[in-house]
Structure formats: C-alpha cells, structure tokens
Amino acid sequence: MSQPSQSPIELYYWPTPNGWKISIALEEMGLPYVMKAVNIGKGEQFEPAFLAISPNNRMPAIVDPNGPDGQPISVFESGAILQYLGRKTGQFYPSDERGRVKVDEWVMWQMAGLGPMSGQASHFRLYAPNLVDDPKLIEYGQTRYTNEVNRLYGVMERQLKETPYLAGDYSIADMASYPWVRGAKLFGQDLEEFPHVKAWFEAIDARPAVIAGNAVGADLRKPAGEQSKEDMKAAAKSLFGQTAAVTKT
C-alpha cells in the first residue's frame, strides 16, 4: 500500500546564508516544501504572524505540518532546524552519539563563530561605508571582523586537511558553513589562501541539491555587492539598530 502524501514543510525564508542553509538541507533530504518569503529589508520579520513562529524575529523558520506524533511543529534558528530535519529524516546527521557530537560541534561552531563574525565583517565592509560618513568610525570594525573571519577560515583549513568534510562525512555541519563561504570575497577572504577549504567548497557547490537550494528565491533580492547606497540605507532601517522596543507587542 502506498504511503499517504505529506503536506509540505513551510519554509519562511529570504535568500541569505542562513536561509540557504535550510533550502539546501530540504533539497538534500528530498523533503517537499513551500517557500514563504520574509522580506527582511522591508521589516516583514517583525510582523505578529511571523513572531508566533520565530520569537527572535529572524528568519529562517519552518512549520512542519507532519511533526512529532503527526502534529504540526514550528522551529526557529537555523542550527535547530538543521538538527530537527536531520533527526526527522535520518539523513546527514549520525544516529550514534559520538558521530552526532562531532556534527553538533561544527554546527555550533558555525552558529557561534563563522556566521556572526562573517555577518559583522559584511556589515562593516559593505553596509557601514554607505551609512557612516567618517571612515575612521568603521575602520576598527572592518579590521576586527575581517581578521576574525580569516582566523575561522584557518580553523576550517586545519580541519579539512584531515577530513574531507567538517565532521568526517558530509553532514548538516557542512550545510551550515558552506553558505558563509559562498560570500568569502565579501568578507575580505581569498580562498586561494585556503586550498582545503576551497576544495571542500567546490565539492559542495557542485552538488545538484546545493545548486537547487541556492536558486531558491534568487530573484527576490540583489546580491549584497550589487545593492545601491539607497538600497542599503532603506534596508538598514529594518536590519540594524533595533532595541528591545521591537520585542514588545
């Protein structure tokens, strides 16, 4: 007897590195999904309906109609989503504790280090020059975060010299970090300086599911390097400078 079809997962998404993590994972795992755009440059992440799904007012988030015990579940934070999807499908996330710990280590490394530091490097290198008139006010931030991203690429280089993927086999750990290496040049990094990272990146970049995941919502926004000063100033109002006031309902 054929299995009943499952309702697609709802992916609340915008084409950024954190969004690509989940579109790639869904494609790699062969899960049906429907993309629901959350235009972060227009402040749609602060709408009450999205807040009910993502208490941090950040995308991505998912709603799985076929969650535990067949009941719907929503999940926010990209690392938690990757772990949930890995457990749900049994793919790209080991079932044995030692293997899972290795994957978790590199997922958390990305969540705490590579992603935030790359985001700050991007802010000071791409956005700040269009938002702040005095270059001296952004010089320290550019140097601080560009250097830290460089250090983190060095950590990856050392690891990938020993293993083909971050936790040994291809896993959600690689899906987490790969999108942040896509923007290496924007973060002031040259992959030629990191040959093992480059080989790892190129192997992942060629995977059909990764190509499909990268293409999701590609027409929704201009790449960061192609946005005008006016585009950046408009987006900055929704992306930067929020205080606790935005959390009050």
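Select Ala-61 and Phe-76 in this predicted model: Phe-76, in strand β4, is the bridge partner of Ala-61. Extend the selection to residues 73-76, which make up β4, and to β3. The two strands run antiparallel and are joined by four bridges.

Next, keep β3 (residues 61-64) on screen and show its side chains. In a regular strand the side chains alternate between the two faces of the sheet. Here Ala-61 and Val-63 lie on one side, while Ile-62 and Asp-64 lie on the other. Are these four residues buried or exposed? All of them are buried, so both faces of β3 are covered, with buried meaning under 20% relative accessible area.

Now add strand β1, residues 9-13. This strand also pairs with β3 in the antiparallel sense, over three bridges. To find the register, pick Leu-11, which stands opposite Ile-62 of β3.

Leave the strands and select helix α1 (residues 17-29) together with helix α6 (residues 172-182). Their axes come within 8 Å and cross at roughly 135°. Angles over 145 degrees would count as roughly antiparallel and 65 to 115 as roughly perpendicular, so α1 and α6 are oblique to each other. The crossing of α1 past α6 is right-handed.

Finally, show the side chains where the helices meet. On α1, select Pro-17, Asn-18, Trp-20, Lys-21, Ile-24, Ala-25, Glu-28 and Met-29. On α6, their counterparts in the contact are Ile-172, Met-175, Ala-176, Tyr-178, Pro-179, Trp-180 and Arg-182. Coloured by class, the residues of this α1–α6 contact divide into 11 nonpolar, one polar and three charged.

Definitions and conventions
Residues are numbered from 1 along each chain as its sequence is written. This is a predicted model: local features need pLDDT of at least 70, side-chain atom pairs count only at pLDDT 80 or more; totals for chains, interfaces and linings use all residues. Side-chain values use heavy atoms; hydrogens and water are left out. Buried means under 20% relative accessible area, exposed over 50%, partly exposed in between (1.4 Å probe, protein chains only). Two strands pair if DSSP finds at least two bridges between them. Axes are lines fitted to C-alpha atoms, for helices over the stretch in contact, and angles run from 0 to 180 degrees between N-to-C directions. Angles under 35 degrees count as roughly parallel, over 145 as roughly antiparallel, 65 to 115 as roughly perpendicular and the rest as oblique. A crossing is left-handed if the near helix is turned anticlockwise from the far one by less than a right angle, and right-handed if clockwise. Contact means heavy atoms within 4.5 Å. Ala, Val, Leu, Ile, Met, Phe, Trp, Tyr, Cys and Pro count as nonpolar, Asp, Glu, Lys and Arg as charged, and the others, Gly among them, as polar.
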